[in-house]
Amino acid sequence: MRVKELLKLGVTELDQVGVMESSTDARLLLESSLGCSRTELFLQAESAVSSDVLKQYLEFIERRKKREPVAYILGECEFWSLPFFITPDVLIPRPETEFLLDTVFSSAAKANFGDGRILDLCTGSGVIAVVLAKETGERVVAIDISADALRVARTNDRRHAVPGTIDLIRADLFSPLLERQNFSLIVSNPPYVSRFDVCNSLEPEVAHFEPHIALDGGEKGVEIISRIREKLPLILKSGGEVFMEIGADQGDYVRQLFETGITGLPDFCRVEIRVDYGGRDRVLHAVLGS
């Protein structure tokens, strides 16, 4: 069987079970099986495939037919034009999170990149922490409740970040950091999917393979966001900024949540919701007053 025939077979097999991105997925799995780039794949279109490649590819296709995400099959995905190690212990990085980082770099006050440490809250695979460390050259603290997720983040830190710039901490949100007030920039992609949607409305790739602990934001999807809001003034410097990824239907609630003051703590003097490239509410940007 030639390469182009094997690719066509893969696309057909995935189409038959309703995989939406069948052409892309079949190609990525074949590139991995052959150990080649996209360009090399098409240059080899007329070449015969070995029995080992055939066996590997068909195994990959069978896993994808069961709706296992390509990133988990390959153990890697691209984010911020970098390859990251990925396992089922962490969410697969999404374009929405690249938009979150785009917003940070285009909107945060430059002084806040170096005036105090940067915090990545709910780090998961560590992609946010790695990008922040690489792009700013500053120290980043990365927190997650999952020890398994932190092992993935540590691998990505060693692969990409400047040595010694990321401190990985296992914690339930802020527990080891309360009342230190030493962060000037906090970036977070917390769980924000409602529990009903986690149980009933997600695509099979997400529902059956991605970690629910990283998705489940409580009954209405805002429980973790509310907990974060309550503690932020305790660890954020005056004039410090927070950027948070949120659900497309949560903008009004989150804006009101951050505009409402908490007795005895500094208020946020500026609160805005940024819409993504699809016109959906996606990122909270808030600045803490004095």
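**Entry 1: Phe-84**

I started at Phe-84, which is buried with a relative accessible area of 0%. The model I am reading is a predicted one. I located Phe-84 in strand S2. Leaving out residues up to four places away in sequence, I listed what Phe-84 touches: Gly-75, Glu-76, Cys-77, Phe-79, Val-127, Val-130, Asn-156, Arg-159 and His-160. I also checked the spacing to Ala-153, which is 69 residues away in sequence, and the two C-alpha atoms are 9.3 Å apart.

**Entry 2: His-160**

I followed the contact list of Phe-84 to His-160. His-160 belongs to helix H8, residues 147-160. Is His-160 buried or exposed? I read a relative accessible area of 12% for His-160, so I noted it as buried, the cut-off for that being under 20%. The side chain of His-160 reaches the backbone oxygen of Pro-83 at 2.5 Å. Beyond four places in sequence, His-160 touches Leu-82, Pro-83, Phe-84, Val-130 and Lys-134.

**Entry 3: Trp-80 and Cys-122**

I looked for positive phi values in residues other than glycine. Trp-80 is one case, with phi near 55 degrees. I placed Trp-80 in the loop between strand S1 (76-79) and strand S2 (82-85). Cys-122 is another case, with phi near 70 degrees. Cys-122 sits in the loop that runs between S3 and helix H7 (127-136). I entered Cys-122 as buried, at a relative accessible area of 17%.

**Entry 4: Asp-167**

I found Asp-167 in strand S5, residues 166-170. Its relative accessibility is 25%, so I put Asp-167 down as partly exposed. Which side chain makes a polar contact of 3.0 Å with that of Asp-167? I found Arg-139 at that position. With residues up to four places away in sequence set aside, Asp-167 touches Arg-117, Arg-139, Val-140, Val-141 and Ala-142. I then took a distance to Val-19, which is 148 residues from Asp-167 along the chain; their C-alpha atoms are separated by 39 Å.

**Entry 5: helix H1**

I checked the length of helix H1, residues 3-16. At 1.5 Å a residue its 14 residues should span 20 Å, and the end C-alpha atoms are 20 Å apart, which agrees. Which residues of H1 are buried? I listed Val-3, Leu-6, Leu-7, Gly-10, Val-11 and Leu-14. Viewed down the axis of H1, these buried residues fall within an arc of 140 degrees, so they line one face of the helix. The spacing fits what I know of helices: an α-helix has 3.6 residues a turn, so residues three or four places apart point the same way. On the face of H1 turned away from the buried side I found the exposed residues Lys-8 and Gln-16. I looked up what the buried residues of H1 pack against: helix H2 (22-34), helix H3 (38-43) and helix H4 (51-65). Just after H1, Gly-18 has a positive phi of about 85 degrees.

**Entry 6: strand S9 and its partners**

I turned to strand S9, residues 281-288. Of its 8 residues, 7 are buried, so S9 is largely enclosed by the rest of the structure. Which strands pair with S9? I found strand S7 (residues 236-245), antiparallel to S9 over 5 bridges, and strand S8 (residues 268-275), antiparallel over 7 bridges. In the pairing with S7, Phe-243 stands opposite His-285 of S9. In the pairing with S8, Arg-274 has Val-283 of S9 as its bridge partner. S8 and S9 make a hairpin with 5 residues between them. In that turn I noted Gly-279, which has a positive phi of about 80 degrees.

**Entry 7: nonpolar cores**

I then looked up the largest nonpolar core, which has 32 residues. Those with the most contacts inside this core are Leu-119, Ile-225, Phe-258, Phe-268 and Leu-284. At least two residues each come from strand S3 (117-121), strand S4 (140-144), strand S6 (183-188), helix H11 (223-235), S7, helix H12 (251-259), S8 and S9. H11 gives the most to this core, with 6 residues. Apart from it lies another core of 26 residues, and I found Phe-84 among them, along with Phe-99, Ala-142 and Val-187.

I went back to Phe-268 for its contacts. Neighbours within four places in sequence aside, they are Arg-229, Leu-232, Pro-233, Leu-236, Val-242, Phe-258, Ala-286, Val-287, Leu-288 and Gly-289.

Key: Residues numbered from 1 in each chain as written. Heavy atoms only, no water. Buried < 20%, exposed > 50% of the residue type's maximum accessible area, 1.4 Å probe, protein only. Helix = DSSP H or I, 4+ residues; strand = E, 2+ residues; numbered from the N terminus. Pairing = 2+ DSSP bridges. Core = buried A, V, L, I, M, F, W, Y, C linked by side-chain atoms within 4.5 Å. Contact = heavy atoms within 4.5 Å. Expected span 1.5 Å × (residues − 1). Arc of directions from axis to C-beta. Polar contact = N/O pair within 3.5 Å; in protein donor to acceptor, adjacent residues only side chain to side chain.
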